[in-house]
Amino acid sequence: MIPDRYPATTAPRADIDLAQAVAAGDQDAFTTLMRRHNQVLFRTARSILRDDEEAEEVVQDAYLLAYRGMHHYRGEARLSTWLIRIVANRAIRRRQRLGRERAIFAAVDAPAGEEEDDMGESRFPNPESAAANSELRRVLESHIDALPDLYREVFVLRGVEELSSEETADVLGIPEATVRTRFFRARHLLSQALARDMDPVFGEVYAFAGDRCDRIVAGVLARLQRKSV
């Protein structure tokens, strides 16, 4: 759902110009928008879903939703915040749906005595993840994934993407005080697990390679083309 309320901040003029061009049907502007915001949106979806492929699909869905509703954007918030809210909503819904589907499959298909799959891991691991060149980053990502959902979502938006408490509260639909409490708790849990200063590597988690960016852009444009035929 396209949000109809925004925090009382002023978006950069470039955001407004870009949104207006996209609303007018300028696909070059839309491509620029996607490449500008792909990383933060992927990280947001990934923090909620803990699965690379599911996160990419959610980002593409969110872009199509934003494209159709871009005329709603008025610049009261940064364009990135407006887009993050859409992605977060879609990812949370996807997580809920996947949870229901997994519960049904487990009940119907699992042979007697067979152990359940580890729900924290994707059944279709992305080769890019296996090729990560930093052991420390992999360890950090695994610890972030292990955080409870309510802490992980806040931590990625506040600690990784550096959104303000107000922006994070608006994206997740929770009070600012709750954002601050959950962020503090998430940092405490991670510091216990890592026993080291995490700040220098926050910007490297959930590596966003150029191929992934290209794939998301190409996927969204292809879907737009199919809808226009």
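**Figure 1. Phe183 is buried in a helix of the predicted model.** Phe183 has a relative accessible area of 14%, so this residue counts as buried. The structure shown is a predicted model. Phe183 belongs to helix H9, which covers residues 176-194. Its contacts, apart from neighbours within four places in sequence, are Val154, Phe155, Arg158 and Gly159. Leu157 is 26 residues away from Phe183 along the chain. The C-alpha atoms of Phe183 and Leu157 are 9.4 Å apart.

**Figure 2. Helices H7 and H9 cross at about 95 degrees.** H7 spans residues 149-160. The axes of H7 and H9 lie 8 Å apart where the helices pack. An angle between 65 and 115 degrees counts as roughly perpendicular, and therefore H7 is roughly perpendicular to H9. On the H7 side, the meeting residues are Leu150, Tyr151, Val154, Phe155, Arg158 and Gly159. H9 brings Val179, Arg182, Phe183, Arg185, Ala186, Arg187, Leu189 and Leu190. Val154, Phe155, Arg158 and Gly159 of H7 also appear as the contacts of Phe183, neighbours within four places aside.

**Figure 3. Asp61 touches three residues named here: Arg90, Arg94 and Arg223.** Asp61 sits in helix H3, residues 52-68. Its relative accessible area is 12%. Buried means under 20%, so Asp61 is buried. The side chains of Asp61 and Arg94 form a polar contact at 3.0 Å. Arg90 and Arg223 are also touched by Asp61; residues up to four places away in sequence are not counted.

**Figure 4. The largest nonpolar core holds 56 residues.** Four of its residues touch the most other members: Phe30, Leu33, Tyr63 and Met70. Helix H2, residues 27-49, supplies the largest share of this core, with 10 residues. A closer look at Met70 shows contacts with Ala19, Val22, Ala23, Leu33, Leu79 and Trp82, leaving out residues up to four places away in sequence. Leu33, one of these contacts, is itself among the core residues that touch the most other members.

**Figure 5. Two loop residues, Arg50 and Glu162, have positive phi values.** Arg50 lies in the loop that links H2 and H3. Its phi is near 60 degrees, and the residue is not glycine. Arg50 has a relative accessible area of 29%, so this residue is partly exposed. Glu162 is found in the loop between H7 and helix H8, the latter covering 165-172. Phi of Glu162 is likewise near 60 degrees, again in a residue other than glycine. The relative accessible area of Glu162 is 64%. Exposed means over 50%, so Glu162 is exposed.

**Figure 6. The whole chain, for orientation, contains 10 helices and zero strands.** Along the sequence, the pattern reads α-α-α-α-α-α-α-α-α-α. The chain has 229 residues, of which 45% count as buried. Its accessible surface comes to about 12,200 Å². Carbon and sulfur atoms account for 50% of that surface. Take the contacts between residues at least 6 apart in sequence: 76% of them join residues at least 24 apart.

Terms used
Residues numbered from 1 in each chain as written. Predicted model: local features only at pLDDT ≥ 70, side-chain atom pairs only at ≥ 80, totals over all residues. Heavy atoms only, no water. Helix = DSSP H or I, 4+ residues; strand = E, 2+ residues; numbered from the N terminus. Buried < 20%, exposed > 50% of the residue type's maximum accessible area, 1.4 Å probe, protein only. Polar contact = N/O pair within 3.5 Å; in protein donor to acceptor, adjacent residues only side chain to side chain. Contact = heavy atoms within 4.5 Å. Areas by Shrake-Rupley, 256 points an atom, 1.4 Å probe, with all protein chains shown as cover. Core = buried A, V, L, I, M, F, W, Y, C linked by side-chain atoms within 4.5 Å. Axes fitted to C-alpha atoms, helices over the stretch in contact; angles between N-to-C directions. Parallel < 35°, antiparallel > 145°, perpendicular 65-115°, else oblique.
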